[in-house]
Each structure stands twice: as C-alpha cells, then as structure tokens.
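Reader: I've got a fold in front of me and some questions about its charged residues. Can we go through them together?

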Amino acid sequence: MKASRVKSWADAFGGEIYSIMTKYSGSLLLQKKYKDVEPTLKIKEVDGLELVKKFSEEMESMLRRKVEAVERLVEAAEDADLKHEFNSSLVFDYYNSLLINKKDENDNYVELGDEFILEPNEHFNNLLVNTTYSDVQLPTNVYNKDPDILNGVYMSEALNPIFVDNFQRDPTLTWQYFGSSTGFFRLYPGIKWMPDENGVISFDCRNRGWYIQAATSPKDIIIVVDISGSMKGLLMTIAKHTIITILDTLGENDFVNIIAYNDYVHYVEPCFKGILVQADRDNREHFKQLVDELQAKGVGTVNKAVLESFKILREFREAGQGGLCNQAIMLITDGAVEDYESVFEKYNWPDRKVRVFTYLIGREVTFAQNVKWIACNNKGYYTQISTLADVQENVMEYLHVLSRPMVINHDHDIIWTEAYMDSALFASQAQSLLLMTTVAMPVFSKKNETRSHGILLGVVGSDVPLRELLKLAPRYKLGVHGYAFLNTNNGYILSHPDLRPLYREGKKLKPKPNYNSVDLSEVEWEDQDEISVCWEGNVLQGQDHMEDMDEIPGLRTAMINGETGYLAMDVKVPVDKGKRVLFLTNDYFFTDISGTPFSLGVVLSRGHGEYILLGNTSVEEGLHDLLQPDLTLANEWIYCITDIDPDHRKLSQLEAMIRFLTGTEPDLECDEDLVQEVLFDAVVTAPMEAYWTALALNMSDETEQGVETAFLGTRAGLMRSLLYVGSEKLSNRKFLTLGEKESIFTMDHFPLWYRRAAEHPPGSFIYSITSEEGSEGGGKPEVVTVSTSVAVTVDGKTAIAAAVGVQIKLELLQRKFWMATWQPNDTDCSGVDGACPLSCQDDNLNCFLIDNNGFIFISKGPTEAGKFFGEVDGSVMTQLLNMGMFRKVTMYDYQAMCKMPYHHHSGAQPLLSPIYTFLAAVKWLISDFLIWFSRCLSHFSASEATELMNALGQGQPTLRAGFRK
C-alpha cells in the first residue's frame, strides 16, 4: 500500500473531524470574541518572587492568629491551676464525651452524661458539635472519677470561655483542646465520642505527636535492649513492646538507634552502625520490623553496649549533629549483675550530659537495685514493667523527666507538627481525611511550692487544615500549571497538589503508611540536567554549580534552611493518572514563613504561566451575563470569603459574588481583582450560550449524532456548558461534576482538558478517551473529550484566556474514520490495472487510530480502544519509536504503595483430594508445553524475537492513523 493513499485517508478524516469540532465547540467564535476585545486588554507579567513573599506574609499572619489563641489558653490554664487547691475528696460532674445524652432504663441521664446539645456545623465538616461548650474524653484505662482527673477537669473548666472567645475573634479556628498529663482531653467544640467496635476508647492525648513534641525538646535516643537467654518468652515480648512504644514517642525532630546485646554488641540495623538516624515514620517502621525479629540467646554483656552508646552520642554532640538538645540511653533488661560505675564515671560524669532511663522487665527483683542505681545516678528514671499492660504508662514517664528543664525555666516553646491526618481522633465520626498541622504549647505549674519540681500540667493545641493555608495562594494568580506547596524544616512535603496521601482498600480510603514523610524529590521530576539558581541576586548557572546544588535536592536544602530565592528547571509532569506527561519549564520561587518551621514554594510555568490577563467591563454588563443559567464558578476557589459568617456558609461562590455585586450583602469580603476577571470573562463568553443553543435546536444531521456536550473554561475559573442531548442520554454523567474532579477547576489543578490544550497551539484540538461511567479503569471506553486553547496577544505577550471543547461519543469518531478509509473509489476497481487497492474493510489489513501518547482510539478489535498500542502490537510500537514518531519517557512513582501479601507458614502437609491431583496434572502439562515452546522459540531470528517486546511512548501532538498488512 502506498503512503500517499494512507495520507489521503488521514487528510479526509482529519478535515471532517476538525470541521465537526470547530462547529460544535464554537472555538472560532470564542477566539473571535477575545480577538475583538484585544485592544482593551492588558497582560501583566507576574513577579514570582514578590508573589511568594506576599503569600508568605499572609500565611504568617494567619498562623500568628492561631498562636495567639493557643497563648491565651496557656495563660488561662496556668492561672486556673495557680488558684486551684487540690482536693482529694472533690465531687464534681462534668460532660463526659462518651456518656453525654445517654439515658438509663428509667429514661434518666446517666452520671456524667447530662443533656448536651449537638448541632451540625459546616465549619467542622458537618459534624454534630456544641460551639458554646467543651467536653472531656478519657481513655478506657483511665478512671473518670480519679481525684487527679476530677481536680484537673475542674481546674480546666476555666478554658471554656477562652475557647468561645478565641472562636469569635478568629472564626477560621477549628479544633482547640487541652491534653492533660493525667490523661483527660478537653475538646472544643464539644462532640459525642464513640468507642471502637470492641467498645474501647483507645485514644490517649499523651501519645499524640503534638503532645510529645510540645512536652519535650528534640532528643537523641539510643535504645539498648538485652537479648540474652534469660529474656526468652514473655520477657522478650514485653521488651519488644516497650521498644515499639518508645519509638512511637519520637518524631521528625528526634534521632535514634537501637543496639541489642548478648555475648556481643550488634546494631539491629547494620547499615546504621555508629550513627543516629532521624526518627521519621519510615525509619521508625523499619526499626519495628527489625525488633520483631529479635531472638533471645547467649549471655548479656551490658557494659559494652552502654559504652558503644556513649561513644555515638558524644561524637554526634561534638559534631553538632542530631537533636542538639537532650541525649538519653534507654536500657531495657531483666537485670544487671553490677552497677558499672566505672563506665559512667569515664563517659558521663561529672556533667551527666546523657540521661539513662532503665526499664526492668519482669517480676524478678534480684538485680533491681543495680538497675535503679544506674538511672538515679545518671539523671534518669527507673521503672519496672511486669506485664504488657504496664508498658504504656511506664514508658511515658521519661517524657516528664525530659520536660523538667523546660518547666523549671518556663520555656513556652511553640511547636508545629508535620502534616498528619488525625483519623484516630474522630474514628467513629464522618470526618473527612484532611491533612492538617497542629500548633501546640506546654502548660506548666506556676505554684511556688512545686516550681522547682518542674510539673507539666499538659499541652494546649489547635488544628490548622493545610487547605486553609493554600487558600491564601489563589489559583488564578498562578496560571494553568502553577501551584503553591509547603515544605517542613525536615525536608518533607507539608502540602503539594501531587501529594497522594491516601490509598483505596475496598470502598474505603485510608492514609498510606508514609504519607507524611514524602520528600520534595518524590513529587517533582526534573527533565534535564541544566538548571539556573538565584539567591537574592547571586546567580549560579548550570553544571558549574551542580556539585553544590545537586538539582532538586538543592532546592530542598535551600527551603530547609529558610532561604529566599528562585530556581528554573525543565520538568516532567504526569497527568491523567500517570498515562500522559507534560514537558514544562517551571520557575520555582521560595521563602520561609516567619515564626514557623515551614517554607513556601510557588511554581509558575514559563510562557503563558508568567502572565495575568486583565480585562475591563462594567458591573451592570457583567452581572447581566453572570446570571445566565449555563454559567458556574470554581466552588473550591475563594472569590468571596464565606466561611466566617455563619449566614454566608450556605452560599455558593457564585451566589456570594452576585450578592456582593448587587450590594445585598455589604459585609461580604471578596477578591476584587478576581471578581473583575470573572465579570470580563462572563461578557466575552456570553454569546457562546446562544450559539450552542441554536446548534442544539437545529441538530438534525444524522451523520453528526454523537456530539453530547459543549463546554468552556476561563482562567478565572468560570465555566459554561450546554447539552446537545438529554441528560438521560449522556454517556458520561460525571463529566464537569465533582464526580470527575479532573474535569473541573479545583484548588489543586485546572481541568485536565484545559491543561493539555494549553500546551498545544491555539486552534489545534487535543483528544482524550474516557472509560464508561462507573468503570474503574477497566470499563469499555465510550466518550472522547476534545478541547483547544484560546490565546490573546498584547504588546508581544501571549496569554491563554480560555479553553473550549466538546465531549463526543467514541462511536462518532469510529464512524467517521471507517467512512474516510472506505471511499467510493475503494470498491470501484473497473478502471484499475492490477490488484484492487486495499481498504480498512479488508480482512488482511489492520487499521489503527492512536493519539500522541500511543493510546488506541479506533481499531478493528472491539476491546482494544483505550489500550496502549504497545500492549496490542509491541513490534510496530518499537518501530515507531525507532522512527522517532514517539519517544520513551521513564517515570517513577515514588508514592506508590506495594501491599505485602501475608503468607501463613505451616509444616503440616495439606490434605490430599481429587482437586489436588487434578491441579498437579495441569501443572505437569503446562511445564511440558513451556519446555516445547522454548525449544521452538530458539529457532526464531533476533529481529523476529523483538516483536515480543513492549514499549512506552510519548509523541507529537496529533492523532495518528496506522495501517498494518
């Protein structure tokens, strides 16, 4: 077959499809409307460095208000304790969150369970809450009428008016709470707490990261565990549980290692020999797995293990590494035959810079005196753990010891936690899994008689949803591919649009094990080696700085250090669930958020991402077009602030904007620049409604049946759409709804059809195939989304103003394709010399239509649409790669989670049955066939064998027609 014939088919098909898309999308009309107003437009260049500084200042101001709320709570709690005298016989009723609104068989409220009014509140994820009062939660293992509990709860009643006042001062506040060192947890607003499926309340505020970080300073910990023969059985089980509990009290600001000893000293992780590692989630989980494998044998030599621990801690201290605050050795053993005074005298006395905490495992007390002496003479704490139930309370004691210097000095350090999802806090509630950070401060006793004892009363905290922070970096200011992200001082992502912290297990979404220890390099993919970096005017170019900068890790280091600057880099951006890749040049601007351990980054894509389109129109004209029924706004964007005034919370962003413009809600605070952009876009795009409606009314050409939806979106988040068919006939009902978030404007991304269109020349359509509604990746594709961008140029600057497109049935595309490849002269061979020309209807000719990423749109195979072409015919895909039609792009998903299968090992022989015999016979037949097949395969040539290879590709922006005989 001649190439000219294939080209003629492609031209005929391409011309007709282009005609249909331009007609039903109205792209030429929209381009004309923007062209008509070009003389009145302004295109403003974005100063990324100024933008990131402005966002940072606004975030700092917001977070400062949270800190001030916590400081007021700390002051109130300490003053209340100062005035309170402990009463061992105190009788006091309080609202117990587990018992509230609970009645007995006589219809009377149970003790501590009086009536507590609960109402749904949108600000608190529609949970049932009481915004006028807090209530108290206690773990199951804490007695709710213990004198310490009653006195603490009575004292903390003074926090109720402060909770309410804080919320009135700053309506963006979410949960406020006081976690007591005695175990109770006072939460505002009050909620009904539900036990787990076993009827147990396991939540203990003292185990939470915010409590532990606020109660202590950063620490270097070496856990030394006895694995000699005497530790076999239950003692070893208790020791392992003790280690795991200690690990759970550590965070990203701490450093740790574990040494086990018997006849000799060895590290549970040999790769960490002689060092301390950051106690992040990954390292803690790795240690837990290794600890679980420990086995008891041999004779214990504790002095060598302790000596090794002192050496490591001294080296880190002298090198200025680690936590640079507290250092401690945790000795876990069933006894010590001597006190090893010589070791401590040489390595720890007289300064005692390292505290030694000792945990005596088991009921045996023969060597208890030596173990106790070791702790007491090294500023530590001694405790005996006899059962598994004793572990939690006894381990927590070391935190009170480490907090004493802070308490005595009254160091009210403010701490901010890493990103986390506190699913444990509302495990039984309809709490959405949102990433948050917590600001917390310790509460100390100020009583003169106990001040020298260093008594920690508890910790006060408040949650800050990270989405609230990112609302201060509006999407419309960042462009099509732009975004903002947050990093911690430990180099981990706090928030990023490509952070995927959840995984699906059945119908439920659950947090991944390492969701809050994802590094910046795991969500950004550099495309080339060349980068340029600028730190406050000092430019460093390309490879000359690679040794110092090391690309993305260099950006990470700069943000960890709280520096301000920018970096330019070519990147690969995966879209469409990783099936496609965009190649962009991004500018990264970064600075610190003062008063916090966080840094802010802003990313702008080169070209249209650097510009903001500014139009002008009157409120009256814009308001008229804003009221058209086909118009919607990005409801996750903040056009007007609606979450402060309770009367505004039920308003959509469009309703709020209309009330603001009409003056019916003068108290509404709106982003006037964004509102002006919306008004302008509403006026320019208004004719599209009449155009689409006229087409829908006159749609009678059966050859074009299959066009279902027309739509457009602008940079201001405005969307218009119209159905060419009845809603009951739609093939994809989720399109342009929350059910398909990739098709609408969100806080994280512009729609996928907008993003892809922006990276292709205006006027050229891009195509994307979509599976049928309700399918989970494996459904039969039914619709194709088609879109193109609309650009405007002012003073030599080009900006993307909008994107417009249609969604059509795949059947329409297929029908046009087969018609184009079977033209009338294909069947009329009367005037043809020789063989009659082939067409796609011939059985011995395969025809394919594939897109620029190698995905099949049309083929003769009924199940091949939507598949990657390399899966169907790897040999042809390889040839296309070799010809340069496509190129291979390698991407690594560092956030992917591999589920480890659970294997149950048993020495028992499975029962034999007829099925077992049958399976054995099948296994033999398959093995025999594979041996025969491998012999046959050896006769193929190397070139023929390559036809079995599969390839991955990324090509040029166009649909491709392919034909194979």
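What follows is a short chat about the chain as a whole, its salt bridges and its charged surface.

Reader: Before the details, what share of the residues counts as buried?

Author: Keep in mind that this is a predicted model. The chain folds into 26 helices and 37 strands. It exposes about 44,700 Å², with carbon and sulfur atoms supplying 51% of that. Out of 965 residues, the share that counts as buried is 52%.

Reader: And among contacts between residues at least 6 apart in sequence, what share joins residues at least 24 apart?

Author: A contact here needs heavy atoms within 4.5 Å. Taking the pairs at least 6 apart in sequence, the share that joins residues at least 24 apart is 71%.

Reader: On to charges. How many salt bridges does the structure hold?

Author: Side chains of opposite charge can pair when their charged atoms come close. The cut-off used is a Lys or Arg nitrogen within 4 Å of a carboxyl oxygen of Asp or Glu. By that rule, the structure's count of salt bridges is 31.

Reader: Take Lys816, then. Which residue forms a salt bridge with it?

Author: The closest N and O atoms of this pair are 2.9 Å apart. The link runs between distant parts of the chain, from helix H21 (residues 810-820) to helix H1 (residues 3-25), with the two residues 800 apart. The partner of Lys816 is Glu16.

Reader: Is Lys816 buried or exposed?

Author: Buried means under 20% relative accessible area. Its partner Glu16 is at 32%, so Glu16 counts as partly exposed. Lys816 has a relative accessibility of just 3%, so Lys816 counts as buried.

Reader: What separates Glu58 and Lys54 along helix H3?

Author: These two form a salt bridge, with the closest N and O atoms 2.9 Å apart. Glu58 is partly exposed at 30% relative accessibility, and Lys54 is partly exposed too, at 36%. Because they sit four residues apart in helix H3, what separates them is about one helical turn.

Reader: How about Lys288 and Asp248: which helices are they in?

Author: Their side chains meet in a salt bridge at 2.6 Å, N to O. Lys288 counts as buried at 16% relative accessibility, while Asp248 is partly exposed at 39%. The two are 40 residues apart and link distant parts of the chain: Lys288 is in helix H8 (residues 281-292) and Asp248 in helix H7 (residues 234-248).

Reader: Which residues do salt bridges with shared partners join into one network?

Author: Here the bridges have partners in common, and that ties the residues together. The network is made of Arg64, Glu68 and Glu71.

Reader: Which helix gives the most to the negative patch?

Author: The patch sits on the surface and gathers Glu45, Asp47, Glu50, Glu57, Glu60 and Asp592. One of them, Glu50, is found in helix H3, and Glu50 is partly exposed with a relative accessible area of 47%. With three residues in the patch, the helix that gives the most is H3 (residues 48-83).

Reader: Last one: which residues does Glu38 touch, leaving out those up to four places away in sequence?

Author: Glu38 is found in the loop between helix H2 (27-36) and strand E1 (42-45). Its relative accessibility is 13%, so Glu38 counts as buried. Leaving out residues up to four places away, Glu38 touches Val792, Thr793 and Val794.

Note on methods: Residues numbered from 1 in each chain as written. Predicted model: local features only at pLDDT ≥ 70, side-chain atom pairs only at ≥ 80, totals over all residues. Heavy atoms only, no water. Patch = residues over 30% accessible without salt bridge, like charges linked within 9 Å, V, L, I, M, F, W, Y side chains within 5 Å. Areas by Shrake-Rupley, 256 points an atom, 1.4 Å probe, with all protein chains shown as cover. Lys, Arg positive; Asp, Glu negative; His and termini not counted. Charge placed at Lys NZ, Arg CZ, Asp CG, Glu CD. Buried < 20%, exposed > 50% of the residue type's maximum accessible area, 1.4 Å probe, protein only.
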